[in-house]
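This briefing goes through one protein model by topic. Keep the sequence and the 3D view open while reading.

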Amino acid sequence: MNPAMMKKMQKMQRDMMKAQKEIEEAIFTGTAGGGLVTVEVTGTKTIEKISIKPDIVDPEDVETLEDVLMLALNDAFKKVDDKQQSSMGQFTQGLNIPGLF
């Protein structure tokens, strides 16, 4: 492999690592129930915070709260996945490497 191509690949690798680190450190917010439940997760899908407005808490209907919490978490996790796809896609566009975005 020629030196110019090797330098280009090394730069791409550094850029990919930087982009992945930025995603991992970012906070993604998911909401559900019209904003009654809000969750914050990191780019590594670690839950950082859960906020539940009292309006949704009904001791006789815990199932609704569970459903809304699940929707908010899934919303936040989807945002992480979407960001990873868009950030890493710039590096992998046109490449077909199994196991890589």
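What percentage of the 101 residues of the protein count as buried? The share that counts as buried is 23%. The model is a predicted one. It holds two helices and three strands, arranged α-β-β-β-α from the N terminus on.

**Overall make-up**

- The protein exposes about 7200 Å², and carbon and sulfur atoms supply 55% of that area.
- Of the contacts between residues at least 6 apart in sequence, 47% join residues at least 24 apart.

**The sheet**

- The three strands form an open sheet in the order S1-S2-S3, with antiparallel pairing.
- Strand S1 (27-32) and S3 are at the edges with a single partner strand each, so each has one side without a neighbour in the sheet.
- From one strand to the next, the twist averages 15°.
- Six bridges connect S1 with strand S2 (residues 37-42) in the antiparallel sense, and five bridges connect S2 with S3, also in the antiparallel sense.
- Threonine 38 of S2 is the bridge partner of threonine 31, and threonine 38 also stands opposite serine 51 in S3.
- Strands of a sheet pair through backbone hydrogen bonds, in a parallel or an antiparallel sense.

**The hairpin and lysine 45**

- S2 and S3 make a hairpin with four residues between them.
- Lysine 45 lies in the loop between these two strands and has a positive phi of about 65°, although it is not a glycine.
- Lysine 45 counts as partly exposed because its relative accessibility is 37%.
- A salt bridge joins lysine 45 to aspartate 81, with the closest N and O atoms 2.7 Å apart.
- This pair links distant parts of the chain, since lysine 45 is in the loop between S2 and S3 while aspartate 81 is in helix H2, 36 residues apart.
- Aspartate 81 has a relative accessible area of 31% and is therefore partly exposed.

**Other salt bridges**

- The count of salt bridges comes to five, and two others within helices are described here.
- Glutamate 25 forms a salt bridge with lysine 21, the closest N and O atoms being 2.8 Å apart.
- Both of these residues belong to helix H1 (residues 3-25), where they are four residues apart, about one turn of the helix.
- Glutamate 25 is exposed, with a relative accessible area of 54%, whereas lysine 21 is partly exposed at 49%.
- Aspartate 75 and lysine 79 meet through their side chains in a salt bridge of 3.5 Å, N to O.
- Aspartate 75 and lysine 79 are both in helix H2, four residues apart, about one turn of the helix.
- Aspartate 75 is partly exposed at 24% relative accessibility, and lysine 79 is partly exposed at 36%.

**Buried positions**

- Alanine 72 lies in helix H2 (residues 62-92) and counts as buried because its relative accessibility is 0%.
- Leaving aside neighbours within four places in sequence, alanine 72 is in contact with Gly30, Thr31, Ala32, Val37 and Val39.
- Alanine 72 and glycine 30 are 42 residues apart in sequence, yet their C-alpha atoms are 4.8 Å apart in space.
- Threonine 42 is in strand S2 and counts as buried at 10% relative accessibility, the cut-off being under 20%.
- Beyond neighbours within four places in sequence, threonine 42 is in contact with Glu24, Ala26, Ile27, Phe28, Glu48 and Val80.

**The nonpolar surface patch**

- Ile47, Ile50, Ile52 and Val57 make a nonpolar surface patch of about 310 Å².
- Isoleucine 47 belongs to strand S3 and is partly exposed at 40% relative accessibility.
- Outside its neighbours within four places in sequence, isoleucine 47 is in contact with Glu40, Val41, Leu73 and Phe77.
- The C-alpha atoms of isoleucine 47 and threonine 29 are separated by 10.0 Å, and the two residues are 18 residues apart along the chain.
- Isoleucine 52 is in strand S3 (residues 47-52) and counts as partly exposed, with 37% relative accessibility.

How values were computed: Residues numbered from 1 in each chain as written. Predicted model: local features only at pLDDT ≥ 70, side-chain atom pairs only at ≥ 80, totals over all residues. Heavy atoms only, no water. Patch = residues over 30% accessible without salt bridge, like charges linked within 9 Å, V, L, I, M, F, W, Y side chains within 5 Å. Areas by Shrake-Rupley, 256 points an atom, 1.4 Å probe, with all protein chains shown as cover. Salt bridge = Lys/Arg side-chain N within 4 Å of Asp/Glu carboxyl O. Buried < 20%, exposed > 50% of the residue type's maximum accessible area, 1.4 Å probe, protein only. Pairing = 2+ DSSP bridges. Axes fitted to C-alpha atoms, helices over the stretch in contact; angles between N-to-C directions. Contact = heavy atoms within 4.5 Å.
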